[in-house]
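Dear colleague,

I am passing on a structure that you have not worked with before, and I would be glad if you could look it over before reading my notes. The sequence and the coordinates come first, and my findings come after them.

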Amino acid sequence: YFAFLKVNKYALNSINRKISVIKSFYQFIFDEQIINYNPTSNIKMIKKQKLLPNVLSESEILGLIKQAHENYKNCNSKQKIAAYRLYSILEILYSTGLRISELLSLKVDSLKNIKDKFYIKGKGGTQRLVIFNENSLEAIKFWLQLRKNYKNFLENEYLFPDKNSKKSISRQIIYKDLKNLAMQLHLKENKVSPHSIRHSFATHLLNRGADLRSLQKMLGHSDITTTEIYTQVRQDRLSGLVKDTHPLNKILKV
């Protein structure tokens with residue numbers, strides 16, 4: 001039966017769910033002494049393959065940020081607010097690795113006197129320190145000035161407010177804006193999202209020598225095994241690391 005499911009390309013989650021149900025049923029009738037042997041006791045759940053998340057290259061990320069800023073400089077006055085919003089969101093996401101939900105929960109009051117860091121409540125209510133670089137700080141400060149010119153935003157406490165309510169803008173708006181920006185640069189639409197920018201932040205830091213424990217803290221992962229997915233690096237990078245850092249490569253060859 002399970003072979004039949006695999007041949008017919010059922011999703012691993014679906015197959016595992018069916019395995020779990022069948023195992024539970026047989027365990028129940030075994031416990032009730034309806035049968036004297038549980039034929040499913042040795043059947044294990046199918047192990048899922050850990051897939052590396054969508055990651056953009058450094059040049060692709062920098063291209064997106066540059067294009068977003070160009071769009072702001074070249075658009076008409078009615079489009080200025082949306083154009084700079086996207087630029088500042090890109091700067092913040094890439095410099096901090098924030099989740100999209102964390103970004104949308106940011107409030108003006110918590111950022112008014114920001115210098116280079118502040119604490120945020122992340123997933124599961126855990127508090128962590130978020131560090132901003134100079135570019136993202138400048139983007140935040142300019143955005144705070146820009147949003148003051150819009151009456152609809154004045155009574156909204158969120159950093160990125162919705163123009164028709166007192167809530168933050170929806171993540172769907174950010175996704176849509178990022179897709180349009182990706183199309184401008186001829187990138188695959190499904191490759192660019194707030195989450196892929198978070199993954200890129202993590203991967204680029206690791207590529208440049210960040211240690212896993214520090215990255216775990218920056219990303220707000222409660223378990224380091226979640227962070228370890230970023231260690232699935234390309235073979236060419238591994239070769240480069242050996243070539244550039246192994247002490248034997250520093251020895252003069254005769």
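The notes below go from the whole chain to a few places within it.

Please keep in mind throughout that this is a predicted model. The chain has 254 residues, of which 37% are buried, and its secondary structure comes to 13 helices and 2 strands. If one takes the contacts in the chain with a separation of 6 or more, 55% of them are accounted for by residues 24 or more positions apart.

One helix pair that I looked at consists of α4, which covers residues 80-96, and α9, which covers residues 171-184; their axes come within 11 Å and cross at roughly 95°. Since angles of 65 to 115 degrees count as roughly perpendicular, α4 and α9 are therefore described as roughly perpendicular to each other. On the α4 side the contact is made by Arg85, Leu86, Ile89 and Leu90, while α9 contributes Ile173, Ile174, Asp177, Leu178 and Leu181. Sorted by character, the residues of this contact of α4 with α9 comprise 7 nonpolar and 2 charged ones, with no polar residue among them.

The aromatic residues deserve a separate paragraph. A search of the whole structure finds 8 aromatic pairs, and one aromatic cluster is formed by Tyr72, Tyr84, Tyr87 and Phe142. Tyr72 also has a charged residue over its face, namely Lys80, at 4.6 Å from the ring centre.

The last place I would point out involves the loop between α2 (12-31) and α3 (58-74), where Val55 is found. Val55 has a relative accessibility of 22% and therefore counts as partly exposed, given that buried means under 20%. Leaving aside neighbours within four places in sequence, Val55 is in contact with Lys191, His199, Ser200, Thr203 and His204. The C-alpha atoms of Val55 and His195 are 9.2 Å apart in space, although the two residues are 140 residues apart in sequence.

Ser196, for its part, is found in helix α10, which spans residues 194-207. With a relative accessible area of 1%, Ser196 is buried, and, not counting residues up to four places away in sequence, Ser196 touches Asn54, Leu56 and Lys191. Lys191 thus appears in the contacts of Val55 and also in those of Ser196.

With best regards

How values were computed. Residues are numbered from 1 along each chain as its sequence is written. This is a predicted model: local features need pLDDT of at least 70, side-chain atom pairs count only at pLDDT 80 or more; totals for chains, interfaces and linings use all residues. Side-chain values use heavy atoms; hydrogens and water are left out. Rings of Phe, Tyr and Trp (its six-membered ring) pair if their centres lie within 6.5 Å; planes under 30 degrees apart count as stacked, over 60 as edge-to-face and the rest as tilted. A charge sits over a ring if NZ of Lys or CZ of Arg is within 6 Å of the ring centre and within 35 degrees of the ring normal. Axes are lines fitted to C-alpha atoms, for helices over the stretch in contact, and angles run from 0 to 180 degrees between N-to-C directions. Helices (H or I, at least four residues) and strands (E, at least two) are DSSP runs, numbered from the N terminus. Angles under 35 degrees count as roughly parallel, over 145 as roughly antiparallel, 65 to 115 as roughly perpendicular and the rest as oblique. Contact means heavy atoms within 4.5 Å. Ala, Val, Leu, Ile, Met, Phe, Trp, Tyr, Cys and Pro count as nonpolar, Asp, Glu, Lys and Arg as charged, and the others, Gly among them, as polar. Buried means under 20% relative accessible area, exposed over 50%, partly exposed in between (1.4 Å probe, protein chains only).
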